[in-house]
Amino acid sequence: MGGLPAPDLPDWLASQVPFQRYLVDVADGLRMHVMETGESRPVLLIHGNPTWGYVYRKVVDALSDDPFRMIMPDLMGLGLSDRPPRDFHTLENHSRWLATLIDSLELEAPILVVQDWGGPIGLHAMTRLPGLMSGLVVLNTSLGPPKPDFSPTTFHRFFSSPIGAWTTRYLGYPQRSLGFAQGDRKSISGVVARSYRYPLRGERGSEAVTALVRMVPNSLDHSSVEPLREVKAFVDTYDGPAAIVWGNRDPVLGRLRNRTSRMLPQAPVTATDAGHFLQEEVPEEIAAAIRLVAGG
């Protein structure tokens, strides 16, 4: 534990994340923001786009009496991590930055919890650290390349387009409409919705949102496809403890539940009526999956 001091948060937000916070240099002066709490066995919780480590606070609270060191990094460009230049946002770079963080923290046998882009980024980082991961909890994400006959979703087509990038930069979408991806839209509203928007205020925050959307393959020639193949190969050969918790009402990735389950046949599946950001809706189910994997 350690690193450089983290930037201050306003009181209304700091009270929601009463964790230790710090920055770690992961590449040429680029610093990754980390929140953590607890002791003993490390659990590494990786979020996606356009959120930050804040998304796991309810899961962490549900495990407050368990012997876990809960570690919540912000992906580069998001949350309170530094903003790399636009063209630095590749799956290879994100996995390298995360692997550097893991190595810097000297984590031993961490359990990995992943959602959205956290799945490919977190698991590709583990391909760089063979044998380190001791357990895996998969939330709504994609763990491999698209099928040959795939077509990008309407969401990704729009927000990767020039008008979509303009909408993100000047109108603050999709970060202003996260509730629409939920089973219960009220699960991201009020101060919670404000907490997701806070780190993304300003041009540089919205830049990362668009860059991460454009990391999603729009063809089989996309630069993310090869590292996604490496992720699939890693998952296909992983036979350690695993569990899946899924939000069936996710309009972006909900349809991938069965595909994910086939890739991890040893993993029990907890299907829920939650949406994309299921950490907000079913934190107890996610906590139970972490306990299950830890005991496996």
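Student: In this predicted model, does Ser 40 count as buried or exposed?

Tutor: The relative accessibility of Ser 40 is 55%. The cut-off for exposed is over 50%. Ser 40 therefore counts as exposed.

Student: Where is Ser 40 placed, and what is its phi?

Tutor: Ser 40 sits in the loop between S3 and S4. Ser 40 is a residue other than glycine, yet its phi is positive. The value is near 85 degrees.

Student: What is the phi of Asp 28, and in which loop does Asp 28 lie?

Tutor: Asp 28 is also exposed, with a relative accessible area of 85%. Its phi is positive, near 50 degrees, in a residue other than glycine. Asp 28 belongs to the loop between strand S2 (20–27) and strand S3 (30–38).

Student: Which residue is joined to Pro 50 by a cis peptide bond, and what is omega?

Tutor: Pro 50 is in the loop between strand S4 (41–46) and helix H2 (57–62). Its cis partner is Asn 49. Omega of this bond is about 5 degrees.

Student: What is omega for the cis peptide bond between Tyr 173 and Pro 174?

Tutor: Pro 174 is found in the loop between helix H6 (162–171) and helix H7 (190–197). For the cis bond that joins Tyr 173 to Pro 174, omega is about 10 degrees.

Student: Which helix gives the most residues to the largest nonpolar core?

Tutor: The largest nonpolar core has 52 residues, and Leu 112, Leu 123, Leu 136 and Leu 264 touch the most other members. Seven residues of this core come from the helix that gives the most, residues 91–105. That helix is H3.

Student: Leaving aside neighbours within four places in sequence, which residues does Leu 112 contact?

Tutor: Leu 112 is one of the four residues that touch the most other members of the core. With those neighbours left aside, its contacts are Leu 44, Ile 46, Gly 122, Leu 123, Met 126, Met 133, Gly 135, Leu 136 and Val 137.

Student: Why are H3 and H4 described as oblique to each other?

Tutor: The axes of H3 and helix H4 (residues 118–127) come within 8 Å and cross at roughly 60 degrees. Angles under 35 degrees count as roughly parallel, and 65 to 115 as roughly perpendicular. The crossing angle falls in neither class, so H3 and H4 are oblique.

Student: What is the handedness of that crossing, and how many nonpolar residues does the contact have?

Tutor: The crossing of H3 and H4 is right-handed. Residues in the contact include Leu 98 and Ile 102 of H3, and Ile 121 and Met 126 of H4. By class, there are four polar residues, one charged, and the nonpolar ones number eight.

Definitions and conventions. Residues are numbered from 1 along each chain as its sequence is written. This is a predicted model: local features need pLDDT of at least 70, side-chain atom pairs count only at pLDDT 80 or more; totals for chains, interfaces and linings use all residues. Side-chain values use heavy atoms; hydrogens and water are left out. A nonpolar core is a set of buried Ala, Val, Leu, Ile, Met, Phe, Trp, Tyr and Cys residues joined through side-chain atoms within 4.5 Å. Buried means under 20% relative accessible area, exposed over 50%, partly exposed in between (1.4 Å probe, protein chains only). Helices (H or I, at least four residues) and strands (E, at least two) are DSSP runs, numbered from the N terminus. Contact means heavy atoms within 4.5 Å. Axes are lines fitted to C-alpha atoms, for helices over the stretch in contact, and angles run from 0 to 180 degrees between N-to-C directions. Angles under 35 degrees count as roughly parallel, over 145 as roughly antiparallel, 65 to 115 as roughly perpendicular and the rest as oblique. A crossing is left-handed if the near helix is turned anticlockwise from the far one by less than a right angle, and right-handed if clockwise. Ala, Val, Leu, Ile, Met, Phe, Trp, Tyr, Cys and Pro count as nonpolar, Asp, Glu, Lys and Arg as charged, and the others, Gly among them, as polar.
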